[in-house]
Every structure is written in structure tokens, then in C-alpha cells.
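Visitor: I've got a model open and a head full of "how do you know that" questions. Can you walk me through it?

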Amino acid sequence: MIAPTIHSAHETHQLLEPDWAEIIDITHEINDVSTYWLKFNDANLQANYSFQPGQFNMIYVPGFGEAAISICSNPNDHSLIGHSIRFVGNVTNAIKNLKAGDVVGLRGPFGTAWPMKELEGKDIFIACGGIGLPPLRPALYHIMQNREKFGKVTLLYGARTSNDLMYTDEYDAWRAADIDVQITVDRGDSNWTGRVGVVPMWFYQFRIDSRKTSVLTCGPEIMIRFVIFEALARRIPTENIFVSLERNMKCGQGSCGHCQLGPYFVCKDGPVFRFDALQPFFNVEEF
Amino acid sequence: MVNEQRLEVGSTIAIEKSVLDDLLKRLKENGYQIVGPRVKNETLVYEKIDELNDLPHGYITEQEAGYFRLHEAGHSRYFDFIPGAQSWKQFLFPPRVDLFKLQKTNNHWEKASEENQTVKYAFIGVRACELNAILIQDKAFMREDFTDPIYRSRRERVFILSVDCLHPAETCFCASMNTGPRVKDSFDLNLTELDDVFLVKVGSEIGRNILNGLPFELASSFMVSSAERGLENAAQQMKRELNTDGLPEFIMANLDHPQWQEIGQRCLSCANCTQVCPTCFCWDVTDQVTLNNNETRRERVWDSCFNPGFSYQAGGNTRPSIQSRYRQWLSHKLGSWPQQYGTLGCVGCGRCITWCPAKIDLTKEISIMREEARS
């Protein structure tokens with residue numbers, strides 16, 4: 001696991017004071033989700049900005065507040081920083097009203113990353129659902145750019161309906177890079193000829209070598225629970241299962257207390273956890 | 001009784017009570033804003049004080065679960081009461097503070113210039129439990145990898161005049177938490193109040209300087225031994241206790257204990273306990289916008305894990321039930337806090353007991369849980 005790096009505010013900055021970034025482009029993804037491509041106004045900041053797959057930024061809309069949004073773009077592309085945002089709360093709905101050329105506040109990156117170095121030489125089984133794919137896309141880019149370093153790579157991705165699948169026009173490129181992309185939807189319609197059913201129920205269709213496979217998962221917490229159940233049933237060791245969690249986050253620095261989970265602050269000790277660290281309280285209800 | 005003997009850090013001397021007034025003057029002359037206990041609205045608050053007479057002279061407090069009364073005791077002591085709901089955290093970690101202000105010009109937001117003034121507080125009458133609470137908050141706000149600039153600037157400048165507790169309240173349990181009633185360290189000056197004099201222990205160079213030149217006498221062995229006796233009595237008088245042996249492990253192993261559910265039936269989720277707790281550090285941040293949306297202030301306010309919105313996120317509310325919120329609060333204080341900060345998150349001040357409208361007493365709840373787990 002990559003140790004959390006907390007970017008202390010610039011010397012001249014107040015607590016939570018952001019830098020400013022321009023919305024360069026907006027890509028419509030699915031209903032209620034768009035990707036915002038940001039670039040720091042300060043060219044120096046942009047050139048020096050880097051993140052690890054799985055980390056997140058705090059995006060600030062003055063007058064509305066901040067939201068923690070995972071970074072979904074290519075970690076090797078230093079020209080723009082991508083965030084796929086679902087319009088669901090105050091801040092994200094304010095972002096929905098912004099257009100290219102508008103400016104938002106940006107702080108980050110925060111949190112732990114997928115352990116890409118540690119995964120080298122291993123098979124990788126990525127199981128994710130819905131808006132759980134964006135924080136895994138930088139990992140996919142990283143794998144594509146370093147394909148020879150990894151074994152068999154499988155992406156099992158599910159969404160509610162075929163209209164809710166993210167990044168559909170990239171699947172061919174991922175497949176071309178020898179990533180086994182497998183899709184399922186909770187509810188099919190007359191045009192859908194693929195799998196119908198939630199992500200965890202398709203595990204049986206894959207040959208997963210428990211000795212050399214790591215599982216990465218992100219999505220609704222209920223899906224994560226059952227993905228872990230399936231992974232453990234296939235005797236994948238808890239230390240080879242990696243989970244990205246969602247919690248309410250206000251500061252990104254393990255200070256405001258909102259994202260607390262037992263001994264952890266999800267914003268700094270997570271969002272990516274090795275499952276053995278979560279196991280003692282993962283099944284405690286409402287913890 | 002002017003004594004020409006040199007004061008050293010670590011030495012204990014005696015001053016007449018009126019000399020405390022001169023000491024307050026000294027602090028004021030040195031640019032400190034003096035805050036201390038005073039009587040207001042039939043309770044005790046920590047507020048700006050100017051002179052010795054502002055202290056709650058002759059008062060005691062009566063405290064029980066969900067009960068607080070202030071009484072005039074007819075004696076002449078200044079520090080025989082046990083503090084009210086407020087603690088010193090309101091000065092180091094203000095309940096409401098502006099982070100920065102933004103102004104919109106030509107569709108761009110820019111930080112408005114601000115006057116940068118850091119308050120230099122002198123705390124008068126910090127109890128051992130409260131001092132330990134400050135040391136605990138230091139760990140939360142001044143970590144190696146992240147420091148809260150607001151807290152630090154206030155904390156680094158604060159002058160601490162602490163006081164030994166000789167008459168604990170019914171709700172106190174600091175003796176069992178090893179956080180009182182005696183003040184051990186981390187003060188500038190520490191007082192022990194005897195009938196006629198204050199014993200003063202010098203804890204820092206700054207404390208020594210403030211005291212220097214004021215009239216004092218050497219502490220007699222009689223004074224020292226009566227202070228000792230008073231402190232031993234205070235520890236023995238304490239009726240409540242919390243057994244901390246293996247407590248964090250016990251809590252984390254009993255997150256499904258039925259007692260949480262039972263407490264959840266009584267808890268009103270009013271957040272009083274988190275607001276009066278001197279170690280609770282959670283905060284929220286909101287935008288305060290002008291109507292024309294041309295100006296916004298980022299404002300930090302105290303938050304509480306008992307507020308329903310505390311754990312609200314896009315995917316839903318992590319802790320919708322009251323029992324889960326109570327468990328979050330207490331299992332943090334007594335269970336997971338040590339893993340984060342190397343100490344328990346409770347100092348035994350008893351505020352959460354006194355100020356709970358449902359009279360929930362954590363010492364009782366924990367002993368019930370331990371009892372049931374054993375049987």
C-alpha cells in the first residue's frame with residue numbers, strides 16, 4: 001500500500017484554501033454523470049501536479065462547498081486532470097451548472113492509491129459497479145502502459161442498465177491491450193444481449209488462480225461486500241484484496257473527522273484499503 | 001513578604017491570594033487576553049476576565065447525571081467549584097471561525113485580503129483533566145503529517161495557569177483515567193488553593209517571568225503537606241470510575257454488544273456530549289454567501305458525529321440509527337482513539353454525564369457491558 005501523502009497547504013494558503021483550475025472540457029458520459037477536464041490556472045502547478053491511480057481531489061465551487069471526487073484520467077497525462085462526477089448533492093449539482101471556461105477550486109491529490117507496484121507479476125481481477133469504475137480507470141491506463149509487467153487482467157464491470165455503463169467507447173481499446181473486459185447489467189432491455197445480473201454472481205464464470213490473483217473492487221458498498229464474499233470463497237488471501245471506500249469527506253487531511261471508520265480516516269488512510277485492515281469491522285452494521 | 005530569593009522553573013512558592021490579581025495585571029501588560037471562569041446566567045462560563053474579583057469566589061457546583069447547580073458556599077475560595085459545560089477548546093479550536101473570504105470580480109473568485117491577528121490567550125484555572133484534554137487535542141490538530149494552522153497559532157501562544165482540584169464533582173472520574181486531580185506538567189504556573197494562600201509551582205520560563213518580582217514566600221512544609229492531603233482526599237472522594245484495563249480492545253471486540261442498542265433507545269442524539277467534550281475535534285465547513293453571490297466566506301464550525309448529516313454521502317447515510325451514532329462516539333473515545341493518537345480520547349471530566357439530558361453515564365454503560373460480557 002502506498003503511504004498517504006498529505007499535501008500541506010501552500011505557505012500562504014489558509015486551511016482548505018484551494019488553488020484554481022479551469023474547466024477545459026466537459027464530456028457527457030451517462031445520464032447524470034459527466035467528466036470534467038480541469039487544468040490549474042497556474043501553469044507551474046499543472047506541470048508539477050501528479051497523482052497515483054485511486055487518489056482523489058477536493059473540488060470546490062464557491063458559495064456551495066467542496067466535494068471529494070476521484071481522479072479518472074491517465075496518470076501519465078499531465079495536461080489535464082479528469083473527474084467523472086455524478087450530480088447527486090449540493091456541490092455536484094452546482095458543478096452541473098458550470099461550463100467550459102468556468103473556474104473551480106481544486107485541492108489534492110489525497111488518499112491512498114491502488115498498489116500498482118505490488119501488483120506487478122500478478123493476475124488482476126477488477127470487480128466494480130456503476131460509478132465505481134472511474135477511480136479504477138487510472139489503474140487500467142497504468143496497466144495498459146505497462147502491460148508486460150502484469151499477468152492476466154480481467155475487468156468485470158456492472159451497471160444498473162446498459163445506459164448506465166461508463167466509458168463504453170473505450171472497451172475496445174482496453175480489450176486490444178489484452179484486458180478481458182466483461183460486462184453485466186442489473187436489468188436488461190430488448191436491445192441487450194449480454195449478461196443480466198449483479199457483479200458478484202458472475203464470479204463463477206472465471207478461472208481465478210488464488211495463488212497469484214489480486215482483486216480490486218470499488219462500487220456500491222453492498223456490491224463490495226458480496227465481491228469480497230466471492231473472492232474469499234475462492235480462497236484469495238485477504239491481503240490480496242483491495243477495496244476503495246466512499247465516506248463523507250470534508251478536509252482530505254484526516255482532520256475533520258467525517259470519514260472515520262474505526263481507527264482510520266478514509267480520506268488519508270484510504271480510500272484504498274487492503275482488506276485485512278478492514279476485516280475486523282467490515283461486517284459491523286452502520287459502523 | 002517580598003522574598004529576594006530567585007525563582008526557578010520547578011520551584012514551589014506561596015503567594016497571598018490578592019497577589020493573583022497582580023499576576024493577572026502582569027499578564028494583561030504582556031499582551032495576553034485573559035480568560036477564566038465566571039458566573040453568568042446561573043452557571044459557570046469561560047470568558048474574558050479582568051481581575052481577581054471576576055472569578056467565582058465562594059461558589060461550589062453540584063453535578064449529577066443530567067444535573068448542574070451553582071451554589072454559594074459561604075467560603076472564601078476561588079477554585080472550589082468544578083467547571084460548567086464550557087471547556088478551553090472553544091479558544092484553541094473556536095466553534096465558529098472564518099477560514100478565508102472570496103470575492104467575485106469579472107467572473108473570477110479571488111481571496112479578499114484579511115487582517116491577520118492572532119489572539120494571545122492566558123487561561124486562568126485550567127484543571128488537570130482539561131489540561132490533559134488540551135494535550136490530546138494537540139495530537140489531533142498538530143500531527144506530524146498535518147497541522148491545523150488556526151489551532152497551532154493559538155496553542156503556541158497560550159499561557160496556562162492551571163489549578164489542582166481539591167473538591168471533585170459527583171460526575172468526575174479523572175483519578176481512574178490517570179488525568180487528575182493533580183496537575184502534573186505542561187503548565188506555565190500551577191496553583192493549589194489553600195485557605196489563606198495559593199501554592200504556586202513554576203512550570204515554564206514564561207511562568208517564571210510573569211511571577212518574577214511579585215511578593216511571595218517560600219512554601220512551608222505545612223502548606224505543602226496540606227496540599228498533598230487535599231489532593232489525596234480529592235482522588236479518594238471520587239465516586240465514579242472507569243476501568244481502563246484492556247478497554248480499547250474490549251470495545252473494538254464488542255461493537256455488536258446489545259447494550260449499544262439499549263443506549264440507543266435512551267440517547268436523544270442531541271450532540272450535547274460532543275459539544276461539551278474537551279477532546280471532541282470534529283468540524284464542518286460551510287459557505288456563507290451574500291445574496292448577490294459575489295462574496296463568500298468559508299466558515300469552519302464544530303460538528304458532531306451525532307448529527308444525522310455527519311456521515312451523509314452520495315451512497316447514503318453511513319450511520320442512520322442513533323445507536324450507531326452513540327457507538328461511533330464512544331467507540332472512538334475509548335476504542336479506536338489509541339490507535340490514532342496513542343491515548344484514550346477521554347479524560348474523565350464528566351461533562352458528557354452532567355450535560356446529558358437523558359442522563360446517560362458512560363462509566364455505568366461500560367461497566368454494564370463488561371459485566372455482561374463476563375457472565
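Guide: Sure, and bear in mind that this is a predicted model. Let's start with one residue: apart from its neighbours within four places in sequence, B:Ala85 is in contact with B:Val276, B:Arg351 and B:Trp355.

Visitor: What makes those count as contacts of B:Ala85?

Guide: The cut-off is 7 Å between C-beta atoms placed from the backbone. B:Val276, B:Arg351 and B:Trp355 are listed as contacts of B:Ala85, so their C-beta atoms lie within 7 Å of its own.

Visitor: Where does B:Ala85 sit?

Guide: In the loop of chain B between β5 (67–72) and α2 (89–92).

Visitor: Why is B:Ala85 called partly exposed?

Guide: Count the other C-beta atoms within 10 Å of B:Ala85 and you get 15. Buried needs 20 or more, and exposed needs 12 or fewer. The count of 15 falls in between, so B:Ala85 is partly exposed.

Visitor: How far is B:Ala85 from B:Asn233?

Guide: They are 148 residues apart in sequence, and 25 Å apart in space from C-alpha to C-alpha.

Visitor: Zooming out, what makes chain B as compact as a globular protein of its length?

Guide: First, the inventory: chain B has 13 helices and 16 strands. Its radius of gyration is 22 Å, and the globule rule gives 21 Å for 375 residues; the two are close, so chain B is as compact as a globular protein of that length. Its C-alpha atoms fill a box of roughly 70 × 70 × 40 Å along the principal axes. Buried residues come to 43% of the 375. Of the contacts in chain B between residues at least 6 apart in sequence, 72% join residues at least 24 apart.

Visitor: Which strands make up the open sheet in chain B?

Guide: There are 8, in the order β3-β2-β8-β9-β10-β11-β1-β12, with mixed pairing.

Visitor: Why are β3 (43–48) and β12 (217–218) of chain B said to stand at the edges?

Guide: Each has a single partner strand, so one side of each is left without a neighbour in the sheet.

Visitor: How do you know that β1 (residues 12–16) of chain B pairs with β12(B)?

Guide: Pairing takes at least two bridges. β1 and β12 of chain B have 2 bridges, so they meet that cut-off, and they run in the antiparallel sense. Within this pair, B:Ala14 stands opposite B:Glu217.

Visitor: What happens where chain B touches chain A?

Guide: There, 39 residues of chain B are in contact with 34 residues of chain A. On the chain B side, β13(B) gives the most, with 6 residues. By class, that side has 18 nonpolar, 14 polar and 7 charged residues.

Visitor: How is chain A divided?

Guide: Into domain 1 (19–110) and domain 2 (116–244). Their C-alpha centres lie 24 Å apart. In chain A, 15 residues of domain 1 are in contact with 14 residues of domain 2. On the domain 1 side, the elements giving two or more residues are β1 (19–30) and β5 (81–86) of chain A. That side divides into 6 nonpolar, 7 polar and 2 charged residues.

Visitor: And how confident is the predictor about chain B?

Guide: Chain B averages a pLDDT of 95, and 99% of the residues score at least 70. The model as a whole scores ipTM 0.92 and pTM 0.95.

Technical notes:
Residues numbered from 1 in each chain as written. Chains lettered and ligands numbered in written order. Predicted model: local features only at pLDDT ≥ 70, side-chain atom pairs only at ≥ 80, totals over all residues. Domains from an automatic or database assignment. Contact = placed C-beta atoms within 7 Å. Helix = DSSP H or I, 4+ residues; strand = E, 2+ residues; numbered from the N terminus. Nonpolar A, V, L, I, M, F, W, Y, C, P; charged D, E, K, R; others polar. pLDDT = per-residue confidence, 0-100. Rg over C-alpha atoms; globule rule 2.2 N^0.38 Å.
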